[in-house]
Number of protein chains: 2
Amino acid sequence: MSGRRGDAVGGAHAPPTLPRSSNTIMQTEGIDIMQKPAPSDSPIHELIRNRWSPRAFANKPVAPDVLRSLFEAARWAPSSNNEQPWAFLVAPKDDKENFEKMLGILVEFNSGWAKNAPVLAIAVAELLFAKNNTPNRNAQYDTGAATAWLSVEATARGLFVHQMAGFDPEKARQAFGIPAGWDAIAALAIGYPGDPASLPQRLQDRELAPRTRKPLSEFVMSGHWGQPAPFVSN
Amino acid sequence: MSGRRGDAVGGAHAPPTLPRSSNTIMQTEGIDIMQKPAPSDSPIHELIRNRWSPRAFANKPVAPDVLRSLFEAARWAPSSNNEQPWAFLVAPKDDKENFEKMLGILVEFNSGWAKNAPVLAIAVAELLFAKNNTPNRNAQYDTGAATAWLSVEATARGLFVHQMAGFDPEKARQAFGIPAGWDAIAALAIGYPGDPASLPQRLQDRELAPRTRKPLSEFVMSGHWGQPAPFVSN
C-alpha cells in the first residue's frame with residue numbers, strides 16, 4: 001500500500017481518505033465469492049467500481065471465445081500513431097507446459113496463488129516504432145491502456161484480472177523468445193472469482209482488506225504542479 | 001496508421017483486416033455528431049466498441065461533477081504496489097490562462113483542433129517509487145491504465161477523450177513546474193462530440209476514415225514469440 005503522501009500535493013489539510021469497506025460475500029454457482037466495490041468519493045460506472053484484483057480464483061476454465069473477446073477489447077485501445085505497441089503471451093491452464101513456463105517466471109509469492117488462476121499472460125511492449133526504430137515514449141503507457149481495456153471486457157463478463165509486477169522480465173524473455181526491442185511489463189492472472197477461504201490466511205487478510213487510494217486533491221492539479229484543480233476541491 | 005506488419009507474427013498467411021466502416025451520423029441536441037463503433041471481429045462491450053478519438057468537439061463545457069467522476073475513475077485504476085504513479089494537470093476552457101498554457105505545449109497540428117475541446121489535460125507519470133526512489137518500471141504502464149479507466153467513465157457519460165503524443169514534454173515541465181522524477185506522457189482533449197463538418201477538410205477525412213487495427217493473430221501468442229495463440233486462430 002502506498003499510503004498518503006501528504007507533502008506531495010494536498011498538504012496536511014487535505015481531507016483524509018478513510019478506508020471504508022464495502023466487501024460483500026455472495027454465493028455464485030455454489031461457492032462463496034467476494035465483491036469488493038471501490039468506495040469511491042464520486043459516482044463511477046459499475047464496471048469501474050466492480051473491478052478489483054483478487055487472488056482467489058474459481059476452478060473454472062475460460063472459454064476460447066471469451067478469451068478472444070478479452071483480447072479483442074485490448075485490440076481497440078488507442079495508441080500513439082495507432083502503433084499498437086503491445087503483444088500478449090497467453091497460457092491457459094490446460095496448456096500445461098506453457099502454463100508451467102509462465103508460472104516459472106513469477107516471483108514465488110505470486111506463483112503461490114496464481115497457479116490457481118485458469119489463465120496466465122504477460123503484456124509485452126514494443127519500445128521502438130516499427131517503421132523507423134526510433135524510441136516510442138508512449139509504448140508502455142499504451143500497453144497499460146490495452147490491458148485496462150481488456151480488464152473492462154473481463155469485468156463485464158464476470159471475470160477478474162490481477163496484474164503483477166512481481167515476475168522476472170529476463171526469464172520471460174528467455175522462456176518465450178521475446179525479441180530485443182520488446183519488454184515484458186506485467187504478468188496477468190485472469191479468471192472467475194473464487195472463495196477467499198481457499199487462500200492461506202495471510203492472503204485472506206489481504207483479500208479482505210479495504211481498498212485505498214490517494215484523494216483526488218493529491219494528483220489532479222490545475223495551473224501549476226501541486227495546486228489541486230478547483231473542481232476536485234469543490 | 002501503423003499498417004500491418006506481416007513479418008512480425010501472423011506471416012503472409014494471416015487473414016487481412018479489411019477496413020470496414022460503421023460510421024453513423026446522428027443528431028444530438030441539434031448538431032450532427034458521428035458514431036464510429038469499432039468494427040470488431042469478436043463481441044466486445046459497448047463502452048469499448050463506442051470509444052474513439054474524435055477531433056470535432058461540441059461547444060459545451062464539462063460540468064465540474066462530471067470532471068470529478070472522470071478522475072475518480074482514473075483513481076481506482078490498479079497499479080504496481082498500489083503506487084498510483086500518476087498525476088493529471090487539467091485545464092477547462094473557462095480557465096483561459098491555464099487553457100492557453102496547455103495549448104502552447106501542443107504541436108501545432110494538435111493545437112489547431114484541440115483549441116475547440118472544452119477541457120485539456122496532461123497525464124504525468126512518477127518514474128521512481130515514492131518510498132525509496134528506486135525505478136518503477138510500471139509507472140508509465142500504470143499511468144496509461146489510469147487514463148484508460150478515465151476514458152471508460154467518459155464514454156459512459158457520452159464524452160470522448162482524444163489522447164495526443166504530439167506535445168513537448170519539456171515545455172510542459174517548464175510551463176507547469178513538473179518536478180524531476182515525473183514525466184508528462186500524454187496530452188488529453190476531453191469533451192462532448194461535435195460536428196465533423198466543423199473541421200477543416202483534411203481533418204474531416206481523418207475523422208471519417210475507417211478504424212483499423214492489427215489482427216489478434218499478430219499480437220496474441222502462446223508458448224513462444226510469433227506463435228499465434230490457438231484460441232485466436234479457431
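## A bridge across the chains

A:Phe88 has B:Val220 as its bridge partner, and B:Val220 sits in S7(B). The model is predicted. The pairing behind this bridge joins S3(A) to S7(B), in the parallel sense, over 2 bridges.

The counterpart pairing is also present. S7(A) and S3(B) run parallel and share 2 bridges. There, A:Val220 stands opposite B:Phe88 of S3(B).

## Two mixed sheets

One open sheet holds 5 strands, ordered S5(A)-S6(A)-S4(A)-S3(A)-S7(B), with mixed pairing. S5 of chain A (160-164) and S7 of chain B stand at the edges; each has a single partner strand, so one side of each has no neighbour in the sheet. Inside this sheet, S3(A) and S4(A) run antiparallel and are joined by 7 bridges. A:Ala87 has A:Val124 of S4(A) as its bridge partner.

Another open sheet of 5 strands has the order S7(A)-S3(B)-S4(B)-S6(B)-S5(B), and its pairing is mixed as well. Its edge strands are S7 of chain A (220-221) and S5 of chain B (160-164), each pairing on one side only.

## How the two chains relate

A turn of 180 degrees, with a shift of 0.0 Å along the axis, lays chain B on chain A with an RMSD of 0.0 Å. That is the relation of a two-fold axis. Both copies use the same surface: 100% of the contact residues of chain B recur in chain A.

## The interface

The contact involves 73 residues of chain B and 73 residues of chain A. On the chain B side, H1, H2 (64-75), S3 (86-92), H5 (139-156), S6 (182-191), S7 and H8 each supply at least two residues. H5(B) gives the largest share, 12 residues. By class, the side of chain B that touches chain A has 40 nonpolar, 22 polar and 11 charged residues.

## Helix H2 of chain A

H2 of chain A covers residues 64-75. Its 12 residues should span 16 Å at 1.5 Å a residue, and its end C-alpha atoms are 16 Å apart, which agrees.

How many of the 12 residues of H2(A) are buried? The count is 10, so the helix is mostly covered. The buried residues are A:Val66, A:Leu67, A:Arg68, A:Ser69, A:Leu70, A:Phe71, A:Glu72, A:Ala73, A:Ala74 and A:Arg75. Both chains contribute to the cover. From chain A it includes S3 (86-92), S4 (119-126) and H5 (139-156). From chain B it includes H1 (46-50), S7 (220-221) and H8 (230-233).

## The nonpolar core

In soluble globular proteins, nonpolar side chains tend to be buried together. Here the largest nonpolar core has 139 residues. Those with the most contacts inside this core are A:Phe88, A:Trp149, B:Phe88 and B:Trp149.

Which residues does A:Trp149 touch, leaving out those up to four places away in sequence? In chain A they are A:Ala73, A:Ala74, A:Trp76 and A:Ala77. In chain B they are B:Ile48 and B:Ala148. Of these, A:Ala73 and A:Ala74 are among the buried residues of H2(A).

## The S1-S2 hairpin

S1 of chain A (residues 24-28) lies largely in the open, because 0 of its 5 residues are buried. S1(A) pairs with S2 of chain A (residues 31-35) in the antiparallel sense over 5 bridges. A:Ile25 stands opposite A:Met34 in S2(A). The hairpin has 2 residues between the strands, and A:Glu29 takes a positive phi near 50 degrees.

In chain B, B:Thr28 lies in S1 (residues 24-28). B:Thr28 counts as partly exposed, with 14 C-beta neighbours inside 10 Å. B:Thr28 and B:Pro196 are 168 residues apart along the chain, and their C-alpha atoms are separated by 13 Å.

B:Ile31 belongs to S2 of chain B (residues 31-35). B:Ile31 is partly exposed too; it has 17 other C-beta atoms within 10 Å. Its contacts, not counting residues up to four places away in sequence, are B:Ala58, B:Gly194 and B:Asp195. B:Ile31 and B:Pro193 are 162 residues apart in sequence, yet 9.5 Å apart in space, C-alpha to C-alpha.

Key:
Residues numbered from 1 in each chain as written. Chains lettered and ligands numbered in written order. Predicted model: local features only at pLDDT ≥ 70, side-chain atom pairs only at ≥ 80, totals over all residues. Helix = DSSP H or I, 4+ residues; strand = E, 2+ residues; numbered from the N terminus. Expected span 1.5 Å × (residues − 1). Buried ≥ 20, exposed ≤ 12 C-beta atoms within 10 Å, placed from the backbone. Contact = placed C-beta atoms within 7 Å. Nonpolar A, V, L, I, M, F, W, Y, C, P; charged D, E, K, R; others polar. Pairing = 2+ DSSP bridges. Core = buried A, V, L, I, M, F, W, Y, C linked by C-beta atoms within 7 Å. Least-squares fit on C-alpha atoms with pLDDT ≥ 70 in both.
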